[in-house]
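I opened my notebook to keep track of what I looked up here. The entries are short, and they start with the pocket.

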Amino acid sequence: MPVVKKIRNPKEAARARRKVSVRKRISGTALRPRLTVFRSAKHIYAQAVDDTSNSVLAAASDTEKELQSELTGKKKLDRAKTIGETVAKRLLAKNVTAVVFDRNGYLYHGRVSAVADGARTGGLRF
């Protein structure tokens, strides 16, 4: 169970509370990993985690060199959708077709939902 540390910023504190609330109910396995999203002001990251073995099965980020040519000139929302499709492609290569979506305390809106839409477009079920 993750411990919530003392945070002074009220927005960060609210996200930390939501994150703990979500993680109480969600856990990933090897057959159905947890697809978690992190977004910063500039970048978006997604990774599929197997919580039983504490390992990352696949990850994608808009900071990767391989994706730079594909992502240049796109808006952040379009980058997020591409990241979702990329992580879906990498998971399908490992014969993983279903995931549990972990929004990581963020509201299911904007870039977070774009990653989910991209993963669904890429062939993942959740």
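**Entry 1: the pocket**

Before looking, I noted the rule: on a 1 Å grid over the protein atoms alone, a cavity is a set of points where a 1.4 Å probe fits but cannot get out, and a pocket is an open set with protein on both sides within 12 Å along at least five of seven lines; lining residues have an atom within 4 Å of a point. Grid points are joined across faces, edges and corners, and a volume is the space filled by probe spheres set on the points.

I also wrote down that this is a predicted model, where local features need pLDDT of at least 70, side-chain atom pairs count only at pLDDT 80 or more, and totals for chains, interfaces and linings use all residues. Residues are numbered from 1 along each chain as its sequence is written, and side-chain values use heavy atoms, with hydrogens and water left out.

With that settled, I found about 240 Å³ for the volume of the largest pocket. I listed its lining as Lys-11, Glu-12, Arg-15, Arg-18, Phe-38, Arg-39, Tyr-106, Leu-107, His-109, Gly-110 and Arg-111. Helix 1 (10-25) and strand 1 are the elements that give two or more residues to this lining. Helix 1 gives the most, with four residues. For both kinds of element I rely on DSSP runs numbered from the N terminus: helices are H or I with at least four residues, and strands are E with at least two.

**Entry 2: the sheet**

Next I asked in what order the strands of the sheet lie. Four strands make an open sheet in the order 3-2-1-4, with mixed pairing; two strands count as paired if DSSP finds at least two bridges between them. Strand 3 (55-61) and strand 4 (100-102) each have a single partner strand, so one side of each of these edge strands has no neighbour in the sheet. From one strand to the next, the twist averages 20°.

I then went through the pairs one at a time:

- Strand 1 (residues 34-39) and strand 2 (residues 44-50) are antiparallel over six bridges. A hairpin of four residues joins strand 1 to strand 2. Arg-39, which I had met in the pocket lining, stands opposite Ile-44, and Val-37 stands opposite Ala-46.
- Strand 2 and strand 3 run antiparallel, joined by six bridges. Val-49 faces Val-56 in strand 3.
- Strand 1 and strand 4 pair in the parallel sense over three bridges. Arg-34 has Val-100 as its bridge partner in strand 4.

**Entry 3: helices on the sheet**

I looked up what helix 3 (residues 76-93) lies across, and found strand 1, strand 2 and strand 3, with the helix at about 145° to strand 3. Axes here are lines fitted to C-alpha atoms, for helices over the stretch in contact, and angles run from 0 to 180 degrees between N-to-C directions. Contact means heavy atoms within 4.5 Å.

Thr-86 is in helix 3. Is Thr-86 buried or exposed? Its relative accessible area is 6%, so Thr-86 is buried; the cut-offs are under 20% relative accessible area for buried and over 50% for exposed, with partly exposed in between (1.4 Å probe, protein chains only). Leaving out residues up to four places away in sequence, Thr-86 touches Ala-60 and Leu-67.

Helix 4 (residues 111-122) lies across strand 1, strand 2 and strand 4, at about 140° to strand 1. Its buried residues are Arg-111, Val-112, Ser-113, Ala-114, Val-115, Ala-116, Gly-118 and Ala-119. Their cover includes strand 1, strand 2, helix 3 and strand 4. I checked the length too: at 1.5 Å a residue, its twelve residues should span 16 Å, and the end C-alpha atoms are 16 Å apart, which agrees. The expected span is 1.5 Å times one less than the number of residues. Gly-123 follows helix 4 with a positive phi, near 115°.

**Entry 4: two positive phi values**

A reminder to myself: most residues other than glycine have a negative phi.

Asn-54 is not a glycine, yet has a positive phi of about 50°. I found Asn-54 in the loop between strand 2 and strand 3, where it counts as exposed at 66% relative accessibility.

Asn-104 also has a positive phi, near 65°. Asn-104 sits in the loop between strand 4 and helix 4 and counts as buried, at 9% relative accessibility.
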